[in-house]
Amino acid sequence: MTPALAVIAVAVAAGAVVSISARDLRLALIGVAVVAVGSALLVDPLSSPLILAIRIVAALLAVALLWTVVAASHEDGAWLGRRGRRGSHDTETGSPLGWPAEALVGIAAAFAGIGIAANVAGGGFGVVGAAPEAVASLTAGSAIGAAATAVLVLGLAPALFDRSAIRGTIGLLLIIHGAIGLRITLAGPPTDLEQLVVAGLVIACASIGFAIRGVEQPAGEHAAEPDGRPIE
Amino acid sequence: MTVLLIALVAIGAGLSVLIVRRASPIAAQLIGLGATVVVAVLAIGIDPGDTTQVGGMAITSSAVLRLVATVWSGSLLLLALLELTIGGRAAIAGPALVGLGAVVLGLGIPDPGAAFAAFAAGSIPAVLVPGASAWIGRQDDAERLITLRRGASAVIAATAVAIVVVAWGSSPVGPLGSGEPLTVDDPDRAIALGLALLAVAGAVVVRAGLIPAHLWAARFMEGVSSLAVPAALSWPTMAFALVALGWGQVAIGSPTASSWLEHGIIALVAVTSIAFGGLAAILHEDIEHVLGYSIVQDAGIALLAFASLRPEATEAARDWLIASAAVKTALAGWVAATRWTFGAHRLPDLRGWGRQSPALAVALVTILFAAVGLPGMAAFDARASLAFEAVPAPLGWLVLLAAFSSVVYYVRLLAVGFRKEEGGVAHAPSPVPRWVGARPTGWSSRSVVLVARDVPALVDANRAPIVATIAIGLAAIGFVVAAAGVGPG
């Protein structure tokens with residue numbers, strides 16, 4: 001395992017913690033960007049420059065899609081704030097557990113990922129539990145597995161339970177990146193075509209928050225007016 | 001090469017439609033129609049066995065892929081025409097084309113994990129766009145936005161589970177990567193294989209909206225145009241289940257599927273969906289609900305294949321899944337046509353629809369024969385084979401009986417259609433073709449121009465018969481696929 005891979009894995013896990021626990025959605029999206037770009041680099045051997053560029057551009061495009069609705073929401077919130085009303089984003093408060101608890105959950109999941117990678121490296125189909133020598137030697141798969149499992153587990157709660165469209169989408173993006181990372185840990189680096197398909201899937205996943213929040217906002221404006229008249 | 005070309009044309013055109021549909025719905029619909037025609041022509045020309053290397057992976061065409069591409073693109077062409085005729089919001093062709101391209105690409109890819117990712121990427125627009133178009137600006141639909149998110153989340157969740165399970169299968173600790181035989185003598189292996197089977201079958205349950213994961217699918221179908229349902233549910237689910245079954249047969253095998261616990265759980269979920277899906281379709285008065293629950297019932301029948309995984313079961317499931325997708329596409333077209341023609345979607349408000357529009361009645365009778373089938377038809381035999389592969393006689397007969405409950409809700413729809421016309425049905429547009437606005441002219445250089453000028457008026461005056469004719473066309477496609485199946489090879 002190279003030190004660079006370990007640093008990227010730590011950054012990806014930290015990005016996941018930020019993305020689900022930050023109160024400000026813009027900060028959460030920066031966390032998602034770190035996860036998405038880092039996940040493109042968490043492959044051993046590294047993908048070709050073209051494929052890597054496509055993965056990174058797709059990751060940033062996905063974040064940009066969500067950023068547009070979050071930025072519009074903040075502008076609406078500021079406008080409503082001046083008029084003494086509350087914007088819809090006021091209800092989005094991030095993880096109820098707080099970042100320290102989420103970080104501990106991520107660390108626990110990362111150890112599980114290291115265990116999976118060790119089992120893959122040292123076991124066989126008929127073996128349950130890795131051999132001690134396999135556990136002692138950390139491989140590239142260990143870093144990828146640790147980051148992937150942490151990201152996957154951290155994404156579950158917002159994807160399943162958060163009513164906010166953006167936070168739910170952040171959870172889904174973490175699940176996708178985690179699943180792809182786990183797939184690399186188990187079955188090795190993906191082909192170029194598979195990477196392209198994953199890039200498309202990440203953008204499609206981000207479009208969930210973009211489309212639903214885009215519909216929510218006009219509906220929310222109408223609903224915010226207590227006397228039923230549209231906001232002028 | 002043709003498969004790659006179809007995927008590129010369909011996805012490119014679908015994205016173009018999504019981009020221009022707000023600015024110009026008519027332009028979007030025309031792009032969608034044009035691209036669908038091109039894809040249909042290309043699909044007919046697919047050569048089974050053709051292989052193209054792209055990005056380190058071989059994209060291979062097959063008879064199944066050709067049938068899916070041909071039938072789905074042909075049906076989509078008719079659905080897009082139907083939407084254009086009834087004045088829809090150009091919400092169907094764009095996402096459906098993206099989904100079609102992704103399904104074709106995924107079925108051509110040998111790696112099931114990449115195929116699942118392609119299906120998910122292609123079907124998310126098909127869930128989001130029609131839902132967002134139907135519900136935008138409506139104040140009473142905050143809960144329905146949650147439904148949209150649930151639908152998209154179900155797609156992502158099923159995909160993530162399937163990707164990880166398939167990767168496990170190819171890893172050194174999995175059955176394919178280890179190269180060790182598929183046996184269940186070793187208890188550790190039996191547990192691992194059983195969990196993998198349950199996980200992949202669970203992914204199919206979530207993706208298809210089967211009971212108990214049916215909530216999102218049921219709510220989704222309440223709110224969107226029925227024309228959106230095939231692209232969001234029927235075809236991507238068909239492709240997902242086909243690939244999952246193919247992987248399950250190779251990686252897990254029938255000994256695990258025959259173990260009592262795995263077999264029992266999968267058969268129980270499948271039979272529950274068959275029985276309650278059929279019952280709900282019989283009891284509901286909303287024709288969109290009948291469509292939705294009939295899809296749940298059909299997917300339940302396909303799930304029975306996971307309780308067997310024998311080659312006979314997977315072959316039957318292949319025939320059943322493709323026929324079911326084609327027939328439900330036809331039913332979705334019929335629902336949209338009926339709702340537009342009579343301005344109603346509840347059975348009490350549709351009394352006499354069949355008397356008023358015999359062409360729509362012909363379409364539904366054709367759908368009835370395609371869905372229920374006759375002995376000798378591929379779908380009919382596939383359903384019986386699936387029931388008895390998963391649940392041996394005499395209980396298998398009960399499962400088959402539950403699967404045939406579709407007769408009841410189709411006959412109920414028809415019976416309502418032949419009662420005395422009431423309300424809106426009696427005042428519905430005439431289904432008889434009319435020549436209003438067309439002026440008889442002699443053959444001269446100007447007559448062509450005059451006739452061309454009359455076409456829009458003619459189309460406008462004949463929307464009802466055009467809509468009914470399209471419904472018959474969709475039903476005919478469904479019948480042919482249900483009768484012929486994939487065929488040998």
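Let's begin with B:A208, which counts as buried because its relative accessibility is 2%, well inside the under-20% cut-off. This alanine sits in helix α8 of chain B. Keep in mind as you look around that the model is predicted. Setting aside its neighbours within four places in sequence, B:A208 is in contact with B:L233, B:T237 and B:A299. You can also use B:A208 as a starting point for a longer trip: B:A378 is 170 residues away in sequence, and the two C-alpha atoms are 22 Å apart in space.

That trip lands you on helix α17 of chain B, which covers residues 378-390. Helix α17 has 13 residues and reaches 18 Å from its first C-alpha to its last, close to the 18 Å expected at 1.5 Å a residue. Which residues of α17(B) are buried? They are B:A378, B:A379, B:F380, B:A382, B:R383, B:L386, B:A387, B:E389 and B:A390. While you're looking at a helix, here is a handy rule: an α-helix has 3.6 residues a turn, so residues three or four places apart point the same way.

Now for two loops of chain B. B:P212 is in the loop between α8 and α9, and it counts as exposed because its relative accessibility is 64%, where exposed means over 50%. From B:P212 to B:V372 is 160 residues along the chain, and their C-alpha atoms are separated by 25 Å. B:S61 is in the loop between β2 and α3 of chain B. Is B:S61 buried or exposed? At 4% relative accessibility, B:S61 counts as buried. Leaving out residues up to four places away in sequence, B:S61 touches B:V3, B:I46, B:D47, B:P48, B:G49 and B:D50.

Next, hop over to chain A. Its secondary structure comes to eight helices and zero strands, so reading along the sequence gives you the pattern α-α-α-α-α-α-α-α. Of the 232 residues in chain A, 51% are buried. Take the contacts in chain A between residues at least 6 apart in sequence: 76% of them join residues at least 24 apart.

How do the two chains meet? The size of an interface is often given as the accessible area lost when the parts come together. Here, chain B and chain A bury about 3,500 Å² between them, and 78% of that is on carbon and sulfur atoms. On the chain B side, β2, α5, α6, α7 and α8 each supply at least two residues of the side that touches chain A. The largest share, 15 residues, comes from α6(B). Sorted by type, the residues on this side of chain B divide into 28 nonpolar, 10 polar and eight charged. In total, the contact takes 46 residues from chain B and 40 residues from chain A. How many salt bridges are there between chain B and chain A? The count is zero. The interface does have two residue pairs in polar contact, both at pLDDT 80 or more.

Salt bridges do turn up elsewhere. In general, side chains of opposite charge can pair when their charged atoms come close. Over all chains, the count comes to eight salt bridges.

One of them joins the side chains of A:E194 and A:R183, at 2.6 Å from N to O. This pair links distant parts of the chain, with A:E194 in helix α8 of chain A and A:R183 in helix α7 of chain A, 11 residues apart. Both A:E194 and A:R183 are buried.

Another salt bridge in chain A brings together A:D24 and A:R26, at 3.4 Å from N to O. A:D24 is partly exposed, with a relative accessible area of 29%, and A:R26 is partly exposed as well, at 33%.

Back in chain B, the side chains of B:E285 and B:R346 meet in a salt bridge at 3.4 Å, N to O. Where do these partners sit? B:E285 is in the loop between α12 and α13 of chain B, and B:R346 is in the loop between α14 and α15, 61 residues apart. B:E285 is partly exposed, with a relative accessible area of 31%, and B:R346 is partly exposed at 36%. There's a third member to look for here: salt bridges that share partners join B:E285, B:R346 and B:R412 into one network.

Conventions:
Residues are numbered from 1 along each chain as its sequence is written. Chains are lettered from A and ligands numbered from 1 in the order in which they are written. This is a predicted model: local features need pLDDT of at least 70, side-chain atom pairs count only at pLDDT 80 or more; totals for chains, interfaces and linings use all residues. Side-chain values use heavy atoms; hydrogens and water are left out. Helices (H or I, at least four residues) and strands (E, at least two) are DSSP runs, numbered from the N terminus. The expected span of a helix is 1.5 Å times one less than its number of residues. Buried means under 20% relative accessible area, exposed over 50%, partly exposed in between (1.4 Å probe, protein chains only). Contact means heavy atoms within 4.5 Å. Buried area is the accessible area (1.4 Å probe) that two parts lose on being put together, summed over both. A salt bridge is a side-chain nitrogen of Lys or Arg within 4 Å of a carboxyl oxygen of Asp or Glu. A polar contact is a pair of N or O atoms within 3.5 Å; within protein, one must be able to donate a hydrogen and the other to accept it, and residues adjacent in sequence count only if both atoms are side-chain atoms. Ala, Val, Leu, Ile, Met, Phe, Trp, Tyr, Cys and Pro count as nonpolar, Asp, Glu, Lys and Arg as charged, and the others, Gly among them, as polar.
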